[in-house]
Amino acid sequence: MAFLSGVLKSSLQLLSKDATTFPYTIGDKVDWYEGQSIWSLHHGTKREDGTPVSIFTFDCQKQRDSIPLAKNAFKKMRTIRHPDLLKYIDGFESDNVIHIVTETVEPVQNQLRQDPDANLTLWGLYKVATQTCRRLVPNLRNPHPVSPENSSFSTPQNAIKFLNADCGLVHGNIRLSSIFATKGGEWKLGGFELLGSPKEEGAVILTFGGLVPDSAKYASPETRKSGWSIIKDVPVHSTDSWLYACLVYESYNGPFSSSDQLTTRKDIPTNMFAAYKQLLAPGPASRADLGKFIDLGTRAGGFFQTDFLQVNLFLENLSMKEQKEKEGFYRKLDEVIEHFPMEFCKNKILPELINAFEYGSGGAKVLNPIVKIGAHLTDEEYERTITASLVKMFASADRGIRLSLLENLPRFVNHLGAKAVNDKIFPHVATGFTDGTPILREQTVKAILLLVPKLNERIINYDLLRYLAKLQMDEEPGIRTNATICLGKIARYLSDAVSLGAWMTGDYKSRMMASLGETACCIEHIYFRWVTVLWLQTRKKVLVPAFTRGLRDGFVHARVASLMALNATAEYYDALDCSTKIVPCVSLTLVDKEKWCLWAACSSKTRLIELLSWIRPVRVQAFKTIDMFIKRLEKLVESMPDTAIQEQQQPAPGTAATNGLTNPASTIPGTFPSAAASVAAGAAAVVGKEAASWAGWAVTSLTTRILVVLMSSEC
């Protein structure tokens with residue numbers, strides 16, 4: 001009852017349509033396709049959402065003789081569905097016009113005419129052959145329903161048996177004008193004008209076969225001799241085998257004008273030509289069927305045995321493969337994917353790979369081919385097809401997937417938005433800093449160098465620095481070295497200074513006020529008064545302790561990394577840091593026990609971020625570093641005053657004396673003097689001249705006494 005209700009409902013919906021309610025906009029016509037079929041091909045869009053479609057239009061008024069062909073094609077398009085057939089979306093039929101709406105396609109001649117690809121051509125021919133000889137999956141209205149229990153479709157021969165023996169169907173219109181290519185270049189079979197069983201009474205192919213454009217050109221020898229009605233008396237496969245041979249010829253050699261040309265090879269692959277000629281046997285009974293053609297092509301060394309075909313066939317049956325088979329397949333795919341047509345990879349292979357990656361059947365090994373294809377996508381395409389899956393997989397608990405993501409990060413990081421990195425990716429990447437697996441901790445440090453340009457200031461100056469500080473004390477010496485190198489490379493992203501207001505607002509301030517109790521009001525007043533002048537000098541406070549700590553590391557590579565990091569970040573240190581903190585620590589490495597350090601001599605477990613094949617000198621590097629800082633100090637002190645003591649300013653007439661108190665400059669660059677220092681400096685200024693005369697007197701007096709003693713002894 002439900003079946004009858006569904007059929008009735010669909011029929012009423014179809015009949016109720018008229019031209020004004022057709023929910024599609026018919027666009028430009030594909031002019032050069034005109035005359036090759038009874039249909040006119042138009043570009044179109046769905047009015048509701050603008051989805052692009054293709055629309056096949058048949059004018060019933062201008063082609064009255066071909067109306068049975070158009071109606072037969074419309075009926076078969078609605079009732080027969082299969083992924084390899086031209087996908088039917090919608091349709092409209094009236095006394096004046098018939099519209100068939102399909103997925104967006106173009107005639108395959110356009111693909112072959114512009115830039116033919118051998119892989120796409122061979123794959124297309126294979127798909128057409130299997131489409132013609134394989135099981136056609138019907139919907140509820142299929143006039144030839146088949147029960148899976150009494151049919152086997154594991155091999156092409158069984159599919160041929162189903163189509164020819166069980167159903168008795170003949171396509172009858174296999175030619176280039178009936179083949180259409182999707183955006184990715186995959187061939188789809190259409191042209192259902194003659195599709196049907198020649199045994200049926202009033203079969204369209206027997207009566208109207210000659211009305212198809214160029215029917216005489218493509219007709220088999222027996223059809224040209226005895227007419228289309230002979231098809232009911234010859235083996236079912238014979239007509240389609242001949243037409244398929246014509247398709248093979250035109251796919252490689254272009255159009256032909258006479259059937260005599262079909263026996264010449266020209267550009268048809270050599271290993272295919274023998275099987276091809278069997279499709280052209282003059283007698284219909286001796287003509288090979290497409291099942292035999294496929295068998296010859298898929299055997300060892302056959303013309304269908306190519307990497308491209310094997311990859312596509314494996315993907316189509318991926319769900320039925322064992323995990324071991326999948327792993328071997330993904331390794332092979334990674335090696336050959338870049339040699340495949342990229343448009344096909346983007347539209348056909350990539351969705352299959354993303355599905356396998358996202359739902360666990362592919363694992364980490366499928367990421368490499370995904371990234372290789374993604375390198376050819378625009379930013380918009382990448383965002384639409386890949387980014388969401390990558391972000392989702394960063395949260396995976398599978399260490400293999402997380403490691404693969406980190407290793408491949410350089411190849412897709414430019415496609416990641418800053419918001420996604422800060423909100424969704426970094427929180428999951430950060431778990432790698434504390435992971436129990438050393439290789440994952442190491443790879444996380446390397447990945448940060450790529451992510452840091454997209455991280456916000458809070459994450460860089462708080463979260464990231466906290467993680468790197470812990471890694472500098474990691475049990476793995478290579479990871480400690482990596483942390484030092486990473487810190488040196490991200491130094492330019494650290495803040496020069498961060499206002500305490502930025503750290504004490506919101507939740508920080510609330511917790512502080514709650515803990516202070518009765519003194520909160522006083523502290524809050526001070527906070528609002530001085531928040532604009534209190535700063536945390538993040539970069540200087542972090543880099544100097546981190547690198548000087550590394551100079552004392554027992555791992556020789558860590559010490560060299562610290563020396564090189566200090567060199568690279570020298571511009572961020574003032575004279576006080578250089579003279580009191582850096583130079584004293586660097587001087588310890590001047591007598592380092594290791595003069596030379598083989599920088600690349602480290603195990604694969606502790607690979608450094610920058611593996612250099614050069615030998616790095618430890619003590620020599622230390623002398624270069626300290627020499628550089630000494631020269632920097634010389635330049636910095638050039639701007640310092642000769643003395644911090646200033647002459648007392650004489651008070652203007654009528655003004656009170658200041659008792660010698662002055663406001664001398666600080667003796668340490670960049671610091672403010674205390675009150676006691678100011679008083680002492682003022683006192684020194686008052687007695688400055690007298691102190692100078694006392695010093696001169698003492699020297700003179702001492703000299704005089706020495707001369708007197710010497711003269712007395714001579715006498």
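This passage looks at a helix pair and a sheet in a predicted model.

Start with the sheet. It is open and built from 5 strands, which run in the order β1-β2-β3-β5-β4 with antiparallel pairing. Strands of a sheet pair through backbone hydrogen bonds, either parallel or antiparallel. At the edges sit β1 (24-29) and β4 (88-93), each of which pairs on one side only. From one strand to its neighbour the direction turns by 30° on average, ignoring which way the turn goes. Helix α2 (residues 67-79) packs on this sheet, where it touches β3 (52-59), β4 and β5 (97-102). The direction of α2 makes about 30° with that of β5. Back at the β1 edge, β1 and β2 (residues 40-46) are joined in the antiparallel sense over 4 bridges. Tyrosine 24 has lysine 46 of β2 as its bridge partner.

Now for the helix pair. Helix α14 (residues 342-358) packs against helix α16 (residues 379-393) at an angle of about 15°, and their axes lie 10 Å apart. Because angles under 35 degrees count as roughly parallel, α14 is roughly parallel to α16. The two helices cross in a left-handed way. On the α14 side, the contact is made by Lys346, Leu350, Ile354, Phe357 and Glu358. These meet Glu381, Thr385, Ile386, Ser389, Leu390, Lys392 and Met393 in α16. Sorted by character, the residues of this α14 and α16 contact come out as 6 nonpolar, 2 polar and 4 charged.

Conventions
Residues numbered from 1 in each chain as written. Predicted model: local features only at pLDDT ≥ 70, side-chain atom pairs only at ≥ 80, totals over all residues. Heavy atoms only, no water. Axes fitted to C-alpha atoms, helices over the stretch in contact; angles between N-to-C directions. Parallel < 35°, antiparallel > 145°, perpendicular 65-115°, else oblique. Left-handed = near helix turned anticlockwise from the far one by under 90°. Contact = heavy atoms within 4.5 Å. Nonpolar A, V, L, I, M, F, W, Y, C, P; charged D, E, K, R; others polar. Pairing = 2+ DSSP bridges.
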